[in-house]
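Colleague: I would like a close look at a single part of this protein, set out carefully and tied to its surroundings.

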Amino acid sequence: MNREEFIEQIMMSCTKTKKDFVELVDSEKTKISISVKREELELGQIQKHLNIIERAEKKKTKARSSITLMFEGYNNRGLLQHGEIRQYLRRLFKIKPHMFYFLSKESNIQAILLSLLEVDTGTYGKLFADRLKGHAEFTFYGADLNSLIRKHVTPAVRYANKMKEPPCAQKDLIIFLLDSMDYERLNEESI
């Protein structure tokens with residue numbers, strides 16, 4: 001599915017409109033860093049990070065793309081290789097399914113998305129880090145990545161809708177997320 005069709009489907013499911021409105025000017029955003037320590041991962045500690053996210057949710061200014069999620073002691077490109085990180089992210093996104101609304105590009109959105117996907121990669125399939133540009137490269141043996149991506153992008157767009165962001169801002173959020181996860185490349189790899 002091409003990018004425009006994908007964006008239109010999500011827009012229709014979240015906003016019930018195709019209208020484009022005047023572009024919004026981004027105001028100064030507060031930048032928030034969440035640094036997850038190895039011990040916190042091993043002990044399954046997440047509450048401190050949830051409190052930070054909840055404070056961002058309560059701010060009067062929209063906190064879209066304001067949180068940088070980092071994992072201390074881990075290579076940002078190799079997040080997929082660590083079961084404790086995948087488990088932490090699945091738990092975080094189960095509690096906060098709209099988390100992509102808050103994540104900045106510096107969080108390595110593609111690696112986070114891929115860590116959330118529960119895909120049968122086949123007997124010989126494997127996920128491995130590509131050394132170019134910090135993006136992941138992998139085989140999925142015909143998995144429908146569009147539905148898996150939609151599963152995690154849609155709650156972020158619905159949250160933007162709940163925050164009363166206009167449709168153009170919601171569309172910008174979708175474009176930002178697709179660009180951050182290198183949508184075309186992922187789509188190409190899954191064919």
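In which loop is serine 66 found, and what lies around that place?

Modeller: Before the details, please note that this is a predicted model, in which local features need pLDDT of at least 70 and side-chain atom pairs count only at pLDDT 80 or more, while totals for chains, interfaces and linings use all residues. Residues are numbered from 1 along each chain as its sequence is written, and side-chain values use heavy atoms, with hydrogens and water left out.

Serine 66 is found in the loop between α3 (47-58) and β2 (67-71); helices (H or I, at least four residues) and strands (E, at least two) are DSSP runs, numbered from the N terminus. Serine 66 counts as buried because its relative accessibility is 1%, where buried means under 20% relative accessible area, exposed over 50%, and partly exposed in between (1.4 Å probe, protein chains only). Leaving out residues up to four places away in sequence, serine 66 touches Thr30, Lys31, Ile32 and Phe102, a contact being heavy atoms within 4.5 Å.

On one side of this loop is α3, whose 12 residues reach 16 Å from first C-alpha to last, close to the 16 Å expected at 1.5 Å a residue; the expected span is 1.5 Å times one less than the number of residues in the helix. Its buried residues are His49, Leu50, Ile52, Ile53, Ala56 and Glu57. Seen down the axis of α3, these buried residues fall within an arc of 160°, so they line one face of the helix, the arc being that of the directions from the helix axis to the C-beta atoms. An α-helix has 3.6 residues a turn, so residues three or four places apart point the same way. The face of α3 turned away from the buried side carries the exposed residues Arg55 and Lys58, whereas the cover over the buried residues includes β1 (32-36), α2 (38-43), β2, α4 (83-95) and α6 (145-162).

On the other side of the loop is β2, which is mostly covered, with 4 of its 5 residues buried. β2 pairs with β1 in the parallel sense over 5 bridges, and two strands count as paired if DSSP finds at least two bridges between them. Within β2, methionine 70 has serine 35 standing opposite. Leucine 69, apart from its neighbours within four places in sequence, is in contact with Ile34, Val36, Tyr88, Leu89, Leu92, Leu103, Ser107 and Ile112. Leu69 is also listed, with Phe71, Phe100 and Ile149, as having the most contacts inside the largest nonpolar core, which has 53 residues; such a core is a set of buried Ala, Val, Leu, Ile, Met, Phe, Trp, Tyr and Cys residues joined through side-chain atoms within 4.5 Å. The element that gives the most to this core is α6, with 8 residues.

Beyond β2, tyrosine 74 is found in the loop between β2 and α4, and it counts as buried because its relative accessibility is 10%. Not counting residues up to four places away in sequence, tyrosine 74 touches Arg38, Leu41, His82, Glu84 and Ile85. Tyrosine 74 and lysine 37 are 37 residues apart in sequence and 9.3 Å apart in space, C-alpha to C-alpha.

As for the wider setting, the protein has 8 helices and 4 strands, and 48% of its 191 residues count as buried.
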